[in-house]
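Trainee: Could you take a close look with me at one part of this structure, the packing of its elements against one another? I would like a single connected account, with the reasoning set out step by step.

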Amino acid sequence: MAALDAAIAKRPGNAGFLNGRCWIKGTLDVQLDTALKDCTRAIELGSGGAAAAALDSRALVYFRMRRFEEALADINAALEQRPAAANSLFLRGLILRRTGDAKAGDAALAEAELLFPQVDEDFARYGIKP
């Protein structure tokens, strides 16, 4: 985190650095308010794949904050740009299950695991399980 803080201090307009710091905070479930700011700024600065990655990160932060409608909107937007992103599909499945759509959630989880069988292990390291 310190390395990203230093890098952002030198290059505050770098969407990749901002997204990286947002993602780390989201996975660690810490400083979510500032993570949200980093992600939002990365989305504003980014384009294409960089914006999709930042949308995915912000969706994770919203998920951690239990702001599921906003998380779903962001993850859907990320998936429009990168439809075969296993992490995004897995997170979409988790969000859908939390909002009561177990059938669609289970389908998204299964699709994510077909693309990347270890995706559930990655999320488990973040303390997130279906």
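Mentor: An angle over 145 degrees counts as roughly antiparallel and one under 35 degrees as roughly parallel, where angles run from 0 to 180 degrees between N-to-C directions. With those limits in hand, and keeping in mind that this is a predicted model, we can begin with helix H4, residues 49–64, and helix H5, residues 68–81, whose axes lie 8 Å apart and make an angle of about 160°. H4 and H5 are therefore roughly antiparallel to each other, and the crossing in which H4 passes H5 is left-handed. On the H4 side the contact is made by Ala 51, Ala 52, Leu 55, Asp 56, Arg 58, Ala 59, Tyr 62 and Phe 63, which meet Phe 68, Glu 70, Ala 71, Asp 74, Ile 75, Ala 77, Ala 78 and Gln 81 on the H5 side. Sorted by class, the residues of this contact comprise 11 nonpolar, one polar and four charged.

The loop between H4 and H5 holds Arg 66, whose phi is near 65°, a positive value in a residue other than glycine. Most residues other than glycine have a negative phi. Arg 66 counts as exposed because its relative accessibility is 60%.

From H5 we can move on to helix H6, residues 86–98, where the two axes come within 10 Å and cross at roughly 150°. That angle makes H5 and H6 roughly antiparallel to each other, and H5 passes H6 in a left-handed crossing. In this contact Phe 68, Ala 71, Leu 72, Ile 75, Asn 76, Ala 78 and Leu 79 of H5 meet Ser 88, Leu 89, Leu 91, Arg 92, Ile 95, Leu 96 and Arg 98 of H6. By class, the contact of H5 with H6 has 10 nonpolar, two polar and two charged residues. Phe 68, Ala 71, Ile 75 and Ala 78 of H5 appear in the contact with H4 and again in the contact with H6.

Returning to H4, we find that it also packs with H2, at an angle of about 30° and with the axes 9 Å apart. Because that angle is under 35 degrees, H2 is roughly parallel to H4. The crossing of H2 past H4 is left-handed. Asn 19, Cys 22, Trp 23, Gly 26 and Thr 27 are the residues of H2 that take part, and they meet Ala 53, Ala 54, Asp 56, Ser 57, Arg 58, Leu 60, Val 61 and Arg 64 of H4. The contact of H2 with H4 has six nonpolar, four polar and three charged residues. Asp 56 and Arg 58 of H4 are listed here as they are in the contact with H5.

H2, residues 15–28, includes Arg 21, which counts as buried because its relative accessibility is 14%. Leaving aside residues up to four places away in sequence, Arg 21 touches Met 1, Leu 4, Asp 5, Ile 8 and Asp 38. Asp 38 belongs to helix H3 and, with a relative accessible area of 7%, is buried as well. With the same exclusion of sequence neighbors, the contacts of Asp 38 are Leu 18, Arg 21, Cys 22 and Lys 25. Cys 22, one of these, also belongs to the contact of H2 with H4.

Two of the partners of Arg 21, Leu 4 and Ile 8, are buried residues of helix H1, residues 2–10, together with Ala 7. Seen down the axis of H1, these buried residues fall within an arc of 100°, so they line one face of the helix. The buried residues of H1 pack against H2, while the face turned away from the buried side carries the exposed residues Ala 2, Ala 9 and Lys 10. Ala 2 counts as exposed because its relative accessibility is 60%.

Finally, the loop that joins H2 to helix H3 (32–45) holds Gln 31, whose phi is near 45°, a positive value in a residue other than glycine. Gln 31 counts as exposed, because its relative accessibility is 52%.

Note on methods:
Residues numbered from 1 in each chain as written. Predicted model: local features only at pLDDT ≥ 70, side-chain atom pairs only at ≥ 80, totals over all residues. Heavy atoms only, no water. Helix = DSSP H or I, 4+ residues; strand = E, 2+ residues; numbered from the N terminus. Buried < 20%, exposed > 50% of the residue type's maximum accessible area, 1.4 Å probe, protein only. Contact = heavy atoms within 4.5 Å. Parallel < 35°, antiparallel > 145°, perpendicular 65-115°, else oblique. Left-handed = near helix turned anticlockwise from the far one by under 90°. Nonpolar A, V, L, I, M, F, W, Y, C, P; charged D, E, K, R; others polar. Arc of directions from axis to C-beta.
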